[in-house]
Amino acid sequence: MAITIYHNPKCGTSRTCLQILEDAGVKPRIVEYLKTPLSRDQLEKLVARTGGPVADIVRFKEPLASELNLSPQTPATELLDAMAAHPVLQNRPIVETDKGAKLCRPADLVRELL
């Protein structure tokens, strides 16, 4: 099973999620999205795989979200544009497997994808 983690190594939840995967014997493809940002199209496809709204993967507590006047009520197209332009707005970790994709907050949610 191919597994990808959209990861921020400075984030404790993201590090814990990666550790859970490794402890399960999984060697995921690690995408440090702050170094290698996802395109708008990639973000849109990733959100579609989660089955939830775009707002579910936006990090609204990031100060930049307030500066850009983003909220869960902001249209999805604007949220995607903002995350593509400012990857720091993407919440993490997001794990993608053959079973789908999920924002793994808390990190234990990753087990549902294994």
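Q: In this predicted model, where is N69 found?
A: Let's start with a residue that sits outside the helices next to it. Helix α3 covers residues 63-67, and α4 comes later along the chain. N69 is found in the loop between α3 and α4.

Q: Is N69 buried or exposed, and what is its phi?
A: A residue counts as exposed when its relative accessible area is over 50%. N69 has a relative accessible area of 65%, so N69 is exposed. N69 is not a glycine, and yet its phi is positive, at about 60°.

Q: Which residues does P72 touch, not counting residues up to four places away in sequence?
A: P72 also has its place in the loop between α3 and α4. Its C-alpha lies 18 Å from that of A85, a residue 13 positions away in sequence. With residues up to four places away left out, P72 touches A55 and F60.

Q: Which residues of helix α4 are buried?
A: Helix α4 spans residues 76-85. To count as buried, a residue needs a relative accessible area under 20%. The buried residues of α4 are L79, L80, A82 and M83.

Q: Why do the buried residues of α4 count as being on the same side, and what arc do they cover?
A: An α-helix has 3.6 residues a turn, so residues three or four places apart point the same way. The buried residues of α4 are L79, L80, A82 and M83. They lie on the same side of α4 because, around the axis, they cover an arc of only 165°.

Q: What is included in the cover over the buried residues of α4?
A: The residues to be covered are L79, L80, A82 and M83. Part of their cover comes from another helix, made of residues 40-50. That helix is α2.

Q: Where is the cis peptide bond that involves P93, and what is its omega?
A: P93 has its place in the loop between α4 and β3, the strand of residues 94-97. The bond in question runs from R92 to P93 and is cis. Its omega is near -5°.

Q: Which residue is joined to P106 by a cis peptide bond?
A: P106 lies in the segment after β4. The peptide bond leading to P106 is cis, with omega about 5°. The residue joined to P106 in this way is R105.

Q: How does L109 count in terms of exposure, and what does L109 contact beyond its neighbours within four places in sequence?
A: L109 is found in the segment after β4, whose residues are 100-103. Its relative accessibility is 24%, so L109 counts as partly exposed. The C-alpha atoms of L109 and C17 are 8.5 Å apart, although 92 residues separate the two along the chain. Leaving aside neighbours within four places, the contacts of L109 are K102, L103 and C104.

Q: What pattern does the protein chain follow along the sequence?
A: The chain has four helices and four strands. Read along the sequence, their order is β-α-β-α-α-α-β-β.

Q: Why is the protein chain said to be as compact as a globular protein of its length, and what is its radius of gyration?
A: The C-alpha atoms fill a box of roughly 40 × 25 × 25 Å along the principal axes. For 114 residues the globule rule gives 13 Å, and the chain comes close to that, so it is as compact as a globular protein of that length. Its radius of gyration is 13 Å.

Q: How much of the protein chain counts as buried?
A: The chain exposes about 6,100 Å², and carbon and sulfur atoms supply 50% of that area. Of its 114 residues, the share that counts as buried is 44%.

Notes. Residues are numbered from 1 along each chain as its sequence is written. This is a predicted model: local features need pLDDT of at least 70, side-chain atom pairs count only at pLDDT 80 or more; totals for chains, interfaces and linings use all residues. Side-chain values use heavy atoms; hydrogens and water are left out. Helices (H or I, at least four residues) and strands (E, at least two) are DSSP runs, numbered from the N terminus. The radius of gyration is taken over C-alpha atoms; the globule rule is 2.2 Å times the number of residues to the power 0.38. Buried means under 20% relative accessible area, exposed over 50%, partly exposed in between (1.4 Å probe, protein chains only). Accessible areas come from the Shrake-Rupley method with a 1.4 Å probe; for residues, only the protein chains shown count as cover. Contact means heavy atoms within 4.5 Å. The arc is that of the directions from the helix axis to the C-beta atoms.
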